[in-house]
Amino acid sequence: MPDLDLSSVSAAAGPLQTWVLPALLGLGLASATGLRTFLPLLMLALAARFEMFGVRLIDQMDWLVSWPAIAALATATVAEFAGDKVPAIDHALNAIGYVTRPVAGAVAAGSVFWGVDPAAAAIAGIIVGAPAALAFNAAQTGVRVGSTATTAGFGNPVVSVIEDFLAFVTVMVAFLAPILIPIVMVVFAVLVFRLARRIRDRNEPRPA
């Protein structure tokens with residue numbers, strides 16, 4: 001792929017295409033990595049590979065669209081899906097996620113800032129991606145702890161399936177309408193808060 005004059009590309013695209021839309025797309029991808037480490041990266045790789053949704057990656061992330069990388073991500077995604085349905089293993093994945101998911105979020109977010117130089121893209125990825133992934137992983141922890149306390153872990157697989165769905169939907173919204181990502185995040189935050197409160201209320205002893 002020929003080298004691009006990134007300053008010319010950025011000037012031609014304007015701040016909306018260069019910064020705003022990539023930031024919103026990256027925010028959606030990173031938020032989803034807070035729930036599932038590998039699914040958003042797999043969906044990003046497939047979208048870039050098949051040139052869907054107008055997704056473009058920085059040149060330094062071209063390896064992500066290779067078939068070996070896609071196969072590895074698919075395998076990791078299936079393993080994470082399966083492991084997250086098993087009580088105890090799900091908590092271990094969540095604990096490990098405090099390290100892996102912010103990294104995945106930063107990588108996913110930084111890779112879509114294709115109109116800026118690699119250093120700026122990396123910094124933008126860290127600023128946008130890492131906090132979003134960490135916040136969603138922390139919210140997941142709260143819900144899982146409450147579910148384990150109230151159902152002895154038997155309700156965790158149901159919660160896990162809901163999280164699978166939310167992660168997938170978040171990525172699709174980020175692809176199709178990134179401008180809606182802040183709204184989606186607010187809606188999810190309200191849902192998580194209400195779910196956590198309901199679990200907490202069930203766990204509190206009732207007065208005689």
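Here's a quick briefing on the fold, the surface and one buried arginine. The model is predicted, and the protein is built from 7 helices and 0 strands. Two residues get a closer look below: Trp-67, which is partly exposed, and Arg-36, which is buried.

**Overall fold**
- Reading from the N terminus, the elements go α-α-α-α-α-α-α.
- The protein has 208 residues, and 45% of them count as buried.
- Take the contacts with a separation of 6 or more: 72% of those come from residues 24 or more positions apart.

**Surface**
- About 10,600 Å² of the protein is exposed, with carbon and sulfur atoms supplying 74% of that area.
- Phe-50, Met-52, Phe-53, Trp-67 and Leu-176 together make a nonpolar surface patch of about 530 Å².
- Trp-67, one of the patch residues, sits in helix H3, which covers residues 67–83.
- With a relative accessible area of 46%, Trp-67 counts as partly exposed because that value falls between the 20% and 50% cut-offs.

**Arg-36 and its surroundings**
- Look for Arg-36 in the loop between helix H1 (6–33) and helix H2 (39–49).
- Arg-36 has a relative accessible area of 0%, so this loop residue is buried.
- Its side chain makes a polar contact of 2.5 Å with the side chain of Asp-164, and another of 3.4 Å with that of Glu-163.
- Setting aside neighbours within four places in sequence, Arg-36 is in contact with several residues, among them Glu-80, Phe-81 and Asp-84.
- Also on that contact list for Arg-36 are Arg-101, Gln-140, Arg-144, Ser-160 and Ala-167, along with Glu-163 and Asp-164.

Terms used. Residues numbered from 1 in each chain as written. Predicted model: local features only at pLDDT ≥ 70, side-chain atom pairs only at ≥ 80, totals over all residues. Heavy atoms only, no water. Helix = DSSP H or I, 4+ residues; strand = E, 2+ residues; numbered from the N terminus. Buried < 20%, exposed > 50% of the residue type's maximum accessible area, 1.4 Å probe, protein only. Contact = heavy atoms within 4.5 Å. Areas by Shrake-Rupley, 256 points an atom, 1.4 Å probe, with all protein chains shown as cover. Patch = residues over 30% accessible without salt bridge, like charges linked within 9 Å, V, L, I, M, F, W, Y side chains within 5 Å. Salt bridge = Lys/Arg side-chain N within 4 Å of Asp/Glu carboxyl O. Polar contact = N/O pair within 3.5 Å; in protein donor to acceptor, adjacent residues only side chain to side chain.
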